[in-house]
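Visitor: Hi, can you walk me through this one?
Guide: Sure, let's pull it up.

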Amino acid sequence: MSDVNDKSRRELLKATAAISAAGSLGLSMQSASASDTATAEPETTGPIEGLGAGRSRGDGKVKVTGEARYAVEHQPENPLYGVVIQSTVASGRISRMSTEKAQQASGVVAVYTHLNSLKINKPTAIADGGAAQSTYTPIQDDVIIHNGQNIGLVVAETFEQATYAASLVETDYETSPALIFATDEGVEPKPVSKQDIDMGDAQAAMQQAEVRLSQRYTTPREYNMPMEPHACVAEWLDGRITVWEPSQWVAGAQVEIAEWMGIDVEDVRIISPYVGGGFGSKPVPYTHVALASVASRALKRPIKVSLTRPQTFTGLGGRPATSQQLELGASRDGKIQAIIQRSFSETSLIDVFAENCSKVTARMYAVGNVSAQHQVRPINTVTPGWMRAPGENPSAFGLEVAMDEMAYALNIDPLELRLRNWADKDYQLDLPWSSRRLKEAYQKGAEAFGWDKRIMTPRSMREGRELIGWGMASGTYPVNKLPAEAKIILTPQGKFVVQCAGADIGTGTYTILAQTAADILGVASTTIEVQLGDTELPRAGVAGGSQLAGNVTAAVNDTARRMRDQLLKLASELPQSPLNGTPASQLTLKGDGVQHNLRSGLAVSFARLASLAPAESLTVKGGTFPDDLSQSQRDKMVRNLNDMSRPEKFSAHSWSAQFVEVRVDEDFGTIRVKRMVAALDSGRLYNPKLARSQWIGGMIMGVGQALMEEGIVDPRNGRVINNNLADYLVPVNGDIPSITTINVGEPDFEATTMGGKAVGELGIVGVAAAISNAVFHATGKRVRDLPITLDKII
């Protein structure tokens, strides 16, 4: 073997080890307190444990042993610590800001405010082709647009010194009247016309309907509460910035940070191998990251910045409050003839973020006459953001409660009413479904739940002093797609390394990519190393919209096939290979090497191949980008969510049927969820064990949404009052009952290359509606305003 090849091989091994040191596994902080009661798939499909096997998470060990290192745990040399200062009023200007005491405090290196502002450029919003959720740029002026706005950064040698110094900063304000709620006088609504729906003649059809109902359905502000705080480490070195940031979309973070700093995208590196939960809150970096990045450049030292739990309520936005007036018209025999919807969601004064409440409205049922209009109402709040199933979640809440109300108005069983309005196609797009096993979900879910034993009359089922309520609802989530690429390396030790810039946010990306490669390479998936979450790895888009699994498994599948072909070629053509001269068509990958199909004893190991082959032949790159795209075009696609696509000839969606039993104490009005059964169609499950984890995670979040979660805002000053996990309630183990999940999906290759459909977002859609419907069945009181608290039913 030549000295050149020896040198190349050493460099390849060194590079691989360096990336491994940055982190090559992932993290799941998803709550899963529910018991396993039903899973249709086997635990494993054999020793390879490829796609379809329910193998455990490959990253589980480093989580439970504490070996995993998250963004803010990265320990650079000689770091500084930054603490963010936030405003305490909702609207006005800073009239005085005194930082002298803070600057004189022990260990303080710098205090940055609008008085000595570091330049931060305005980023480009996602709607305009950029990667920013909000265009707010901190410390550029004295204007206050919401309570809890980031208005300064104190930097010190230790975290404790920075925290104390931040408390010494004195700020006075010249306040102005604030718009606290979307219904306040003076709020000027803005239409979001591109999201409007106009099908048939809804007004005329509504007038002709024999039975009509019109009600308002509302959801409050809800906040993503991942266990890992929003925190980063920024290090400026030799004209480049490296940011360790928990990110669902490293390609997007790279763009936004480059814009903030006014530097080339290629001079920004994002490293995010572990994400301690996100639920939609970590696709983009927020302004504390901007402050850390520019401060590191100014001070020429790495800086750690971590938001406190209260600061996360205003340092970034959660799901905005929504309201929808929904009118349904039906015939006496239960056919929905028209839907009219007028909805709005709150947004900030500077950005348009729409939580579209009509995403499900025209798609779930066979209704040809639909009119839906959505608007945003700007108020003094942080720009809202994504939270699990944005749009589909509140949309399904309104529609599915309204369907239950219509069922009672017509005296038709709620499940039967849905079947009578079965949609044999997507009426909104006028396209056939790629697959829609919702009828199977209704059937299997109802059977497992015992729905046929339900007595329809409210307050008719009880046990002692407990009123029993059974409710159900439908759910859906679309299939989204972005191209991706991957790289596979055969190491000198004969092991495979899979690389991709996609993230693992607790969904199991590390595990399913190993399984994908194992299927093609013929090795056990547990022997394959997967490296993710770094902008220096092959391109991938956002881990959001329930699309990353489909995107990156397709990329790895293509790359693994290329690697297989390469290894067969090497085994066949390398002069020192025992299989030299054997046609590649007579060879196969099996065990730890390449074997002859007819002579099992004739083989060459992967390690032996690696020692014989030129180093450059041991790395293979592939993916799902069109071949004719330039490098810059490929970069743009993964950095621009507007390039996200869906199948053109079919309407591709996941589907679910949620069944819930609640118990309501007749004397005290307390509500307990007793049972939950969900039947779900997510197409092919790449790993049933991890898919179930995602489903039940969504269902648990749905319980929180239905019964607990609500941001309480002080009407005097716009302050979030319950800005901590003691007062902002989320479910704990004692709140979650037995959960049954039933897989009714089948591979859907019209939807995605690998046959899977949306999993992670689907589980929450319809849960709050099913619980609301169950509460009505138990008590006879209809609650259309989430959360369903004791005061609303007594």
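Visitor: How do helix 6 and helix 7 lie to each other: roughly parallel, roughly perpendicular or oblique?
Guide: They're oblique to each other, a label for angles outside the named ranges: under 35 degrees is roughly parallel, over 145 roughly antiparallel and 65 to 115 roughly perpendicular. Helix 6 (residues 250-261) and helix 7 (residues 287-299) pack at about 55 degrees, with axes 10 Å apart. Axes here are lines fitted to C-alpha atoms over the stretch in contact, and angles run from 0 to 180 degrees between N-to-C directions.

Visitor: Which residues make the contact?
Guide: From helix 6, Ile257, Trp260 and Met261; from helix 7, Thr287, Val289, Ala290, Ser293, Val294 and Arg297. Contact means heavy atoms within 4.5 Å. By class they're 6 nonpolar, 2 polar and 1 charged. Asp, Glu, Lys and Arg count as charged, Ala, Val, Leu, Ile, Met, Phe, Trp, Tyr, Cys and Pro as nonpolar, and the others, Gly among them, as polar.

Visitor: Is this a predicted model or what, and how are things numbered?
Guide: It's a predicted model, where local features need pLDDT of at least 70 and side-chain atom pairs count only at pLDDT 80 or more, while totals for chains, interfaces and linings use all residues. Residues are numbered from 1 along each chain as its sequence is written, and side-chain values use heavy atoms, with hydrogens and water left out.

Visitor: OK, what about helix 12 and helix 13, what angle do they cross at?
Guide: The axes of helix 12 (residues 509-521) and helix 13 (residues 548-573) cross at roughly 30 degrees and come within 8 Å. That makes helix 12 roughly parallel to helix 13. The contact includes Ile512 and Leu513 of helix 12 and Val552 and Arg561 of helix 13. By class, that contact has 11 nonpolar, 4 polar and 2 charged residues.

Visitor: Switching topic: which residues of helix 15 are buried?
Guide: In helix 15 (residues 631-639), Arg634, Asp635, Met637, Val638 and Arg639 are. Buried means under 20% relative accessible area, with a 1.4 Å probe and protein chains only. Helix 6 turns up again here, since what covers those residues includes helix 6 and strand 19 (485-490).

Visitor: And the whole chain, how many helices and strands?
Guide: There are 17 helices and 28 strands. Helices (H or I, at least four residues) and strands (E, at least two) are DSSP runs, numbered from the N terminus. Of the 794 residues, 62% count as buried.

Visitor: What does the C-alpha trace span?
Guide: About 85 × 75 × 50 Å along its principal axes.

Note on methods
Buried means under 20% relative accessible area, exposed over 50%, partly exposed in between (1.4 Å probe, protein chains only).
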